[in-house]
Amino acid sequence: MGLKPILALGVALMVTLAGIAVWVGRSPAGDGPQPASTANHDASVKPDVSAGAIYTARFTDTKSQEHSLGEWQHKLLLINFWATWCGPCKEEMPILRKLQEKHAEAGLQVIGIAADSRVNVINFAEKLPTGYPLFPDEGGAVEFSKRLGNRLGLLPFTVIVRPGGEVIFTRLGTITEEEISQLVAKSASK
Amino acid sequence: MKHDKWRGGRLAGLLLGSLATVAMLASHSVSASTNATSSEPELLEASSAFQVSARMVNDRKVELRYTIADGYYMYRDRFHFSINGTPIVLDKKSWPAGKVKQDATFGKVVTYRKSVRMLIPVAALGKDLSIKAVSQGCADAGVCYPPLAQTLVMHLGTSEWTAPQGEVASGFSHERPAGTLAERLTQGK
């Protein structure tokens with residue numbers, strides 16, 4: 001065999017492999033069917049939503065006050081997706097409350113978007129006040145979380161948005177106080 | 001000629017080395033896209049974690065059976081059924097015992113693992129039978145699935161059930177917001 005055919009074959013294989021590498025390295029938020037997920041994502045999960053779309057989202061809190069996420073566009077915004085039927089979600093809520101209290105001055109704002117009924121969320125908040133706003137959106141919360149990278153729509157799911165709209169953290173499953181505190185400190189130092 | 005063969009071998013070796021590098025990059029790309037997840041257990045799609053099937057017990061009852069994957073559990077009080085659009089309320093005394101968990105909101109809740117069966121009363125078999133089964137469960141990995149609605153259909157004159165068709169249920173709300181968050185996003189409201 002001459003050298004040219006070997007060279008051509010090698011280049012073709014390399015291009016193919018490089019293409020495969022790019023393809024498999026796409027964001028998990030892509031459209032293709034994917035058989036399974038894992039319990040933790042990280043900042044490498046690129047949400048399929050722009051800063052503008054995040055900040056123009058509007059919803060109603062438990063006191064019937066309508067809000068837009070844009071109200072917190074200058075904050076480090078932690079969006080926690082949860083539901084009263086989700087045990088792990090409720091277990092991490094004291095952590096979220098503590099984080100809100102601890103880092104409010106550093107610019108952290110926690111909000112909870114519930115894939116649950118308004119009645120359930122109000123009853124829950126009366127029993128266990130969170131200290132941060134709760135927004136019941138039974139029909140839309142899971143859908144919105146999927147656009148932020150929550151492929152299977154499971155709960156709890158947490159997203160942190162830097163001032164300006166960049167998503168810097170996503171987590172499927174519970175967060176820890178330490179990791180979020182570190183992230184807040186890192187963000188505040190920038 | 002000997003020299004050409006040597007050059008050819010060296011070139012082939014170079015190409016193989018390059019290919020190995022590209023392959024390593026490809027594999028790194030895979031791990032990068034799922035970074036920090038490799039040690040975590042994989043999560044199943046809801047319809048795989050909670051598999052439902054049906055069979056006629058007699059001309060008055062249908063048995064629904066949920067096969068629950070290892071590491072997953074389902075809530076007794078999150079099951080809701082309807083037959084041909086009519087809600088069916090099951091007597092809780094007829095449910096299997098299950099395991100009691102303490103919940104911050106709902107107090108004592110009953111959960112099932114491995115499998116759970118329930119008998120659904122059927123009024124008449126004069127037409128196709130469509131059972132809509134809404135269920136909800138969680139994984140020990142620390143996440144919960146949204147309510148899942150699965151529909152099983154048995155056509156009149158047959159004893160075969162269609163494969164369950166699943167979808168995420170909108171939940172069990174008594175009231176609905178005026179437009180979902182996603183709709184409001186799309187509409188830019």
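**Stop 1: a helix with two sides**

Start by selecting residues 118-127 of chain A, which form helix H4. Bear in mind as you look around that this is a predicted model. Show the side chains and pick out A:Arg118, A:Asn120, A:Val121 and A:Phe124, which are buried. How are these buried residues arranged when you look down the axis of H4(A)? They fall within an arc of 160°, so they line one face of the helix. A little background helps here: an α-helix has 3.6 residues a turn, so residues three or four places apart point the same way.

Now turn to the other side of H4(A) and select A:Glu126 and A:Lys127, which are exposed. Next, add strand E5 (108-114) and strand E6 (134-136) of chain A to your view: the buried residues of H4(A) pack against these two strands.

**Stop 2: two helices side by side**

Stay in chain A and select helix H3 (residues 87-103) together with helix H6 (residues 177-188). In general, two packed helices are described by the angle between their axes and the distance between the axes. Here the angle is about 30° and the axes are 10 Å apart. Angles under 35 degrees count as roughly parallel, and H3(A) and H6(A) are therefore roughly parallel to each other. Their crossing is right-handed.

Which residues make the contact? From H3(A), select A:Ile95, A:Lys98, A:Leu99 and A:His103. From H6(A), add A:Glu177, A:Ile180 and A:Val184.

**Stop 3: step back to the whole of chain A**

Zoom out and colour chain A by secondary structure. You can look for 6 helices and 8 strands. Tracing the chain along its sequence, you pass through them in the pattern α-β-α-β-β-β-α-β-α-β-α-β-β-α. Chain A has 190 residues, and 41% of them count as buried. Among contacts in chain A with a separation of 6 or more, 64% are between residues 24 or more positions apart.

**Stop 4: a three-stranded sheet in chain B**

Move to chain B and select strands E2, E3 and E9, which form an open sheet in the order E2-E3-E9 with antiparallel pairing. The edge strands are E2 (50-58) and E9 (115-121), each of which pairs on one side only. From one strand to the next, the twist averages 20°.

Take a look at E2(B) beside strand E3 (residues 61-68): this antiparallel pair is joined over 8 bridges. For one example of residues facing each other across strands, select B:Ser53, which stands opposite B:Arg65 in E3(B).

**Stop 5: a five-stranded sheet in chain B**

Chain B also has an open sheet of 5 strands, again with antiparallel pairing, in the order E7-E8-E4-E11-E12. Its edge strands are E7 and E12 (143-144), and each pairs on one side only.

Select E4(B), residues 72-75. Are the faces of this strand covered or uncovered? Both faces are covered: B:Tyr72 and B:Met74 lie on one side, B:Tyr73 and B:Tyr75 on the other, and all of them are buried. This fits a general pattern: in a regular strand the side chains alternate between the two faces of the sheet.

Now add the partners of E4(B). Strand E11 (residues 137-139) pairs with E4(B) in the antiparallel sense over 3 bridges. Along this pairing, B:Tyr72 stands opposite B:Ala139, and the bridge partner of B:Met74 is B:Gly137. Strand E8 (residues 107-112) also runs antiparallel to E4(B), joined by 2 bridges. There, B:Met74 stands opposite B:Tyr112.

**Stop 6: close in on B:Met74**

Keep B:Met74 selected. Why does B:Met74 count as buried? Because it has 23 other C-beta atoms within 10 Å, and the cut-off for buried is 20 or more. Leaving out residues up to four places away in sequence, B:Met74 touches B:Phe50, B:Tyr66, B:Ile68, B:Thr111, B:Tyr112, B:Val116, B:Ser135, B:Gln136 and B:Gly137. Try a distance label too: B:Met74 and B:Val110 are 36 residues apart in sequence, and 8.5 Å apart in space from C-alpha to C-alpha.

**Stop 7: a residue that touches the other chain**

For the last stop, select B:Asp103 in strand E7 (residues 99-103) of chain B. B:Asp103 is partly exposed, with 16 other C-beta atoms within 10 Å. Which residues does B:Asp103 touch, not counting those up to four places away in sequence? They are B:Val109 and, in chain A, A:Gly87.

Conventions: Residues numbered from 1 in each chain as written. Chains lettered and ligands numbered in written order. Predicted model: local features only at pLDDT ≥ 70, side-chain atom pairs only at ≥ 80, totals over all residues. Buried ≥ 20, exposed ≤ 12 C-beta atoms within 10 Å, placed from the backbone. Helix = DSSP H or I, 4+ residues; strand = E, 2+ residues; numbered from the N terminus. Arc of directions from axis to C-beta. Contact = placed C-beta atoms within 7 Å. Pairing = 2+ DSSP bridges. Axes fitted to C-alpha atoms, helices over the stretch in contact; angles between N-to-C directions. Parallel < 35°, antiparallel > 145°, perpendicular 65-115°, else oblique. Left-handed = near helix turned anticlockwise from the far one by under 90°.
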